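Reader: I should be grateful for a close look at a single part of this protein, the setting of one charged side chain. Please begin there and then work outwards to the surroundings.

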Amino acid sequence: MKSTKIKILLAAGIILIASAFIKPGKPILHTIGDSTVRNLNKETWGWGTPIATLFDTTKIYVENNAMAGRSTRTFLSEGRWSKVLETLKPGDFVTIQFGHNDGSEPDTTKSGRRGVLKGIGEETKALTWPDGKVEIVHTYGWYIRKFVRETKAKGATAIVVSMIPRNEFREGKVIRADKDFGKWAAEVAQQEHTYFVDLNKITSDKYDIMGPEKVKAFFPTDHTHTNLEGAKVNAQSVVEGIRKLKGCKLKNYLL
């Protein structure tokens, strides 16, 4: 009996010692967002795909969890966020960029099923779907705040990113999102004491220098979705923003 116990204790000790030398899994950079982060056709690209080439992928995984057509509301209601959340571990990172699909009036119609309430407050709107299910719709800021808080609760780092600018110019300057979704994204990041990359401003500054004709070449189908070259511009803009974040460990994995 004693020899059996000794063998068990020795085996347990060997396992304990061995586990101390096992290297933890590489951290993961998760990107969540819409088609401007990840698109599913060959003609248009989101920046979440080419950004992987700007990181040292021997030290970090880059996993694009964004999905075309989603808003903050539908990314949550479809269970996409819960799938990301389940895999998060301390040391991981999450970039959060939404806005392009959040602007419609929230209702249960095809056009309004993605919409959220404007702003960052606690206002809500109750919707009843044809099957009787009641959905409580929140503000854009509420959803961003939820993503940030739940990321932090997992010991991961949340980075809020303002949405990319569209190919829309007025008097020679690109129209920016600094009065609505870009502004709200920045406000939530500040309130939650988390990192913020003003992608909208960084890329808009580049577009202003390039001018409407050159920028037009990045948008083959509409004013929102870029080709691969345009996606690379946005990916580089995200990286430029990350490099400026004081204390953010994600920049340690950049090439």
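Author: In this predicted model, R80 is partly exposed, with a relative accessible area of 27%. The side chain of R80 meets that of E78 in a salt bridge, with a distance of 2.7 Å from N to O. E78 also forms a salt bridge with R70, at 2.9 Å from N to O. E78 therefore has a partner in R80 and another in R70. With a relative accessible area of 38%, E78 is partly exposed. R70, by contrast, has a relative accessible area of 19% and counts as buried because that value is under 20%. Elsewhere, E122, R145, R149 and E192 are joined into one network by salt bridges that share partners.

A search of the whole structure returns 17 salt bridges. One that may be set beside those of E78 links the side chains of D56 and K59, with 3.9 Å from N to O. D56 is buried, at a relative accessible area of 18%, whereas K59 is partly exposed, at 46%. The pair thus joins a buried acid to a partly exposed base, while the pair of E78 and R70 joins a partly exposed acid to a buried base.

From these charged pairs one may turn to the nonpolar interior. The largest nonpolar core has 28 residues, and those that touch the most other members are I32, W81, I96, F98, Y140, I144 and F147. At least two residues of this core come from each of helix 3 (80-87), strand 3, helix 4 (140-153), strand 6 (157-161) and helix 5. I96 shows how these parts meet: beyond its neighbours within four places in sequence, I96 is in contact with I32, I144, F147, V148, A158, I159, V160 and V161. A second core, separate from this one, has 22 residues, among them W47, F55, V197 and L254.

I32 leads on to strand 1 (residues 28-33), of which 6 of 6 residues are buried. Both of its faces are covered, with I28, H30 and I32 on one side and L29, T31 and G33 on the other. Strand 1 has two parallel partners. With strand 2 (residues 61-64) it pairs in the parallel sense over 4 bridges, and T31 has N64 as its bridge partner there. With strand 3 (residues 93-97) strand 1 again pairs in the parallel sense, over 5 bridges, and the bridge partner of H30 in that strand is V94.

Further along the chain lies helix 6 (residues 199-210), whose 12 residues reach 16 Å from first to last C-alpha, close to the 16 Å expected at 1.5 Å a residue. Its buried residues are L199, N200, I202, T203, S204, K206, Y207 and D208. An α-helix has 3.6 residues a turn, so residues three or four places apart point the same way. L199, I202 and T203 are among the buried positions of helix 6. After the helix comes G211, with a positive phi near 90 degrees.

Two residues that are not glycine also have a positive phi. E171, with a phi of about 55 degrees, lies in the loop between strand 7 (169-170) and strand 8 (173-174). H193 has a phi of about 55 degrees as well, and is found in the loop between helix 5 (181-191) and strand 9 (195-197). E171 is exposed because its relative accessible area of 80% is over 50%. H193 is likewise exposed, at 71%.

Finally, the annotation can be set against the model. An unreviewed UniProt entry places the feature "domain: SGNH hydrolase-type esterase" at residues 32-232. The end C-alpha atoms of that span are 17 Å apart, and the span is 30% helix and 15% strand. To return to the starting point, R80 bonds to E78 in a salt bridge, and E78 in turn meets the buried R70.

Note on methods:
Residues numbered from 1 in each chain as written. Predicted model: local features only at pLDDT ≥ 70, side-chain atom pairs only at ≥ 80, totals over all residues. Heavy atoms only, no water. Expected span 1.5 Å × (residues − 1). Buried < 20%, exposed > 50% of the residue type's maximum accessible area, 1.4 Å probe, protein only. Pairing = 2+ DSSP bridges. Core = buried A, V, L, I, M, F, W, Y, C linked by side-chain atoms within 4.5 Å. Contact = heavy atoms within 4.5 Å. Salt bridge = Lys/Arg side-chain N within 4 Å of Asp/Glu carboxyl O. UniProt positions renumbered as here; feature names shortened; annotations may be inferred.
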